[in-house]
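Q: I'd like to learn how to read a few features in a model like this one. Can you walk me through them?

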Amino acid sequence: MFQLIIFGPPGVGKGTQAASISEKLNLQHISTGEILRKAVSEGTELGLKAKEIMDRGNLVPDEIMNGIVKETLENINGKGFILDGFPRTLNQAKALMEIFENLNFNEVKVITLTADDEEITERLLKRGRSDDTRDTILNRLNVYYNSTTPVKEYYEKLGLNMNINGVGEADKINEVILNKLI
Ligand code: ADP
């Protein structure tokens with residue numbers, strides 16, 4: 001089993017690719033965005049806290065996210081998984097490394113999907129989720145460049161990152177990813 005982190009800016013296709021790869025390779029798809037959206041729709045304490053933050057395109061605090069991921073991974077029962085949307089800050093990346101060490105997960109792979117801002121903005125506007133308004137998208141991109149890109153450098157330094165072009169047909173991109181993994 002291996003641990004795959006799928007990384008990249010909002011709207012680059014992480015969710016689509018993670019869903020398809022997890023099915024093909026029998027991995028658990030862990031999307032922190034989905035976990036948060038479920039909490040929002042269920043109106044839990046977490047959901048009430050997260051809703052406003054997400055609608056503005058800001059990040060839910062690290063302590064909360066690190067706790068959610070820790071609990072999820074502690075209950076994974078030896079299954080391989082894809083992390084989609086986490087880590088998004090250096091603090092989260094370091095917390096994740098500690099979780100991996102404690103759980104003896106040592107087949108970590110990182111794939112970064114790339115696309116330019118214009119492409120991403122167009123895609124998100126078409127998708128039209130409640131956080132896909134022009135203002136929120138702009139903020140999410142800023143947050144990505146300010147808080148999330150250091151995570152990419154962190155994995156690059158560890159020699160774990162593989163870049164893949166996220167522009168093109170989803171099926172083709174999927175094939176490229178699979179080829180890197182197997
Ligand atoms: P996208 O990849 O399009 O940005 P996600 O579903 O991954 O969409 O995330 C939606 C929102 O959920 C983010 O803008 C953020 O507010 C929140 N979120 C998701 N994952 C995290 C995380 N790891 N840390 C903090 N906030 C998160």
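What follows is a short dialogue on helix packing, aromatic rings and backbone oddities.

A: First, the ground rules: this is a predicted model, where local features need pLDDT of at least 70, side-chain atom pairs count only at pLDDT 80 or more, and totals for chains, interfaces and linings use all residues. Residues are numbered from 1 along each chain as its sequence is written, and side-chain values use heavy atoms, with hydrogens and water left out.

Q: What describes two packed helices?

A: The angle between their axes and the distance between the axes. Axes here are lines fitted to C-alpha atoms, for helices over the stretch in contact, with angles from 0 to 180 degrees between N-to-C directions. Helices (H or I, at least four residues) and strands (E, at least two) are DSSP runs, numbered from the N terminus. Take helix α4 (residues 62–74) and α5: they pack at about 25°, axes 10 Å apart.

Q: How are α4 and α5 oriented to each other?

A: Roughly parallel; the labels are roughly parallel under 35 degrees, roughly antiparallel over 145, roughly perpendicular from 65 to 115, and oblique for the rest. Among the contacts (heavy atoms within 4.5 Å), α4 offers residues including Met 65 and Val 69, and α5 offers residues including Leu 96 and Phe 100.

Q: And where does α7 come in?

A: The axes of α5 and helix α7 (residues 134–157) come within 8 Å and cross at roughly 40°. That makes α5 oblique to α7. Leu 90 and Met 97 of α5 are among the residues in this contact, as are Pro 150 and Tyr 154 of α7.

Q: How many aromatic pairs are there?

A: Rings of Phe, Tyr and Trp (its six-membered ring) pair if their centres lie within 6.5 Å; planes under 30 degrees apart are stacked, over 60 edge-to-face, the rest tilted. The count is six. One of them is Phe 81 with Phe 100, tilted, at 6.1 Å centre to centre and 50° between planes. Phe 81 sits in strand β3 (residues 81–84) and Phe 100 in α5 (residues 90–102), so the pair ties together parts 19 residues apart in sequence. Both are buried (under 20% relative accessible area; exposed is over 50%, partly exposed in between; 1.4 Å probe, protein chains only).

Q: Which backbone oddities should I look for?

A: Most residues other than glycine have a negative phi, and most peptide bonds are trans. Here a cis bond joins Phe 86 and Pro 87, with omega about 0°, and Pro 87 is in the loop between β3 and α5. Asn 77 has a positive phi of about 55°, lies in the loop between α4 and β3, and counts as exposed at 73% relative accessibility.
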